[in-house]
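Open the model in your viewer and keep the selection tool at hand. We will go stop by stop.

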Amino acid sequence: MRIALYQMEVVPGNPHRAMEKIEAWIKTLSQIDIVVLPEMWNTSYTLTRLHELTDDEGEREIRFLQKMAKQHALHIVGGSIAVKSNGQHYNRSIIIDQQGEIIYQYDKIHLVPMLNEPDYLAAGHQFSTFELMNEKMGIIICYDLRFPELSRHLALDGAEIIYVVAEWPMERMAHFMALLKARAVENQCYIVACNTVGECEGTQFGGGSMIIDPGGEVLAQADAHEETVIVQVDIKQSEAIRQAIPVFKSRRTDLY
Ligand SMILES: NC(=O)CCC(=O)C(=O)O
């Protein structure tokens, strides 16, 4: 399974330009199974303008991702986009398979106060794993990373890969790195983290996108520029590490 992450420079408040950039990037790829985009790639944190920038249920961006998936025979972990839904706005992840079918959608459940999300967005209320290429996977969005229970639920439900799509600020990159590694080690699964770079309304985003294997080894890591990260993932690795260090079997579910 070959995965490519787009550590994209944000295009604040310009969904059309963002789609052009993603299309141009996809055209540079070859022999990739799954592409991963970052958080809120359509608008970045232009939260005061979401009413004019977003489409109902993200239809415009979904149509675009479906076209890309079919044209290039790619599965798309579509990061997240800002969408309008029932008079509110959500930070929504969309997963599309290479036939262009939407196989999973997730609205961010932990809205980040440091970037004012609770003032402009509604929170999601549910999450689950999904299947891509016959493997179970999960996705969380940025601030969700700080809540270990969420990744644990996904891992207990069988996720072999957890995608972390992010617009994580430069000033807290040390937390990002530490939390990504912790989530991989404690859940013994792959963590595939795709962050942004660039600046929006005074916040600088820190890059550092990475793929960590179920043993906690960083397989590839980006720096703080726009970049592509490509890694070959061997899903069987989590089984081996779970046998060698059986933390799932040692859990004391009678006590906690
Ligand atoms: N976009 C985000 O959710 C940023 C999260 C963040 O800044 C943090 O957790 O720190």
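In what order do the six strands of the open sheet lie? Remember as you look that this is a predicted model.

**Stop 1: the open sheet**

Colour the strands. The order across the sheet is E7-E8-E9-E10-E13-E14. The pairing is mixed. Sheet strands pair through backbone hydrogen bonds, and they can do so parallel or antiparallel.

Now go to the edges. Select residues 130-132 for strand E7 and 218-221 for strand E14. Each of these edge strands pairs on one side only. Next, look along the sheet: neighbouring strands are turned against each other by 20° on average, direction ignored.

**Stop 2: a parallel pair**

Stay in this sheet. Select residues 135-141, strand E8, and residues 161-165, strand E9. The two pair in the parallel sense, over five bridges. Which residue of E9 stands opposite Ile139? Show side chains and find Tyr163.

**Stop 3: a hairpin**

Select residues 88-96, strand E5, then residues 102-107, strand E6. Here the strands run antiparallel, joined by five bridges. Click Ile95: its bridge partner in E6 is Tyr104.

E5 and E6 form a hairpin, with five residues between them. Stop in the turn at Gly100, where phi is positive, about 90°.

**Stop 4: two crossing helices**

Select helix H5, residues 148-156, and helix H6, residues 173-187. Their axes come within 10 Å. At what angle do they cross? It is roughly 35°, and the crossing of H5 past H6 is right-handed.

Now show the residues that meet. From H5, pick Pro148, Ser151, Arg152 and Ala155. From H6, pick Arg183, Glu186 and Asn187. By class, this contact has two nonpolar, two polar and three charged residues.

**Stop 5: around the ligand**

Select the ligand, then the residues that surround it. Start with Glu39. Go on to Val112, Met114 and Leu115. Add Cys142, Tyr143 and Arg146. Then take Glu167, Trp168 and Pro169, and finish with Arg172 and His175. Colour this shell by class: seven residues are nonpolar, one is polar and four are charged.

**Stop 6: the annotated domain**

Zoom out and select residues 1-235. An unreviewed UniProt entry places the feature "domain: CN hydrolase" there. How much of this stretch is helix, and how much is strand? The chain over residues 1-235 is 25% helix and 31% strand. Last, mark the C-alpha atoms at the two ends of the stretch: they are 8 Å apart.

Methods: Residues are numbered from 1 along each chain as its sequence is written. This is a predicted model: local features need pLDDT of at least 70, side-chain atom pairs count only at pLDDT 80 or more; totals for chains, interfaces and linings use all residues. UniProt positions are given in the numbering used here, feature names are shortened, and annotations may be inferred rather than shown by experiment. Helices (H or I, at least four residues) and strands (E, at least two) are DSSP runs, numbered from the N terminus. A residue is near a molecule or strand if its C-beta atom, placed from the backbone, lies within 6 Å of it. Ala, Val, Leu, Ile, Met, Phe, Trp, Tyr, Cys and Pro count as nonpolar, Asp, Glu, Lys and Arg as charged, and the others, Gly among them, as polar. Two strands pair if DSSP finds at least two bridges between them. Axes are lines fitted to C-alpha atoms, for helices over the stretch in contact, and angles run from 0 to 180 degrees between N-to-C directions. A crossing is left-handed if the near helix is turned anticlockwise from the far one by less than a right angle, and right-handed if clockwise. Two residues are in contact if their C-beta atoms, placed from the backbone, lie within 7 Å.
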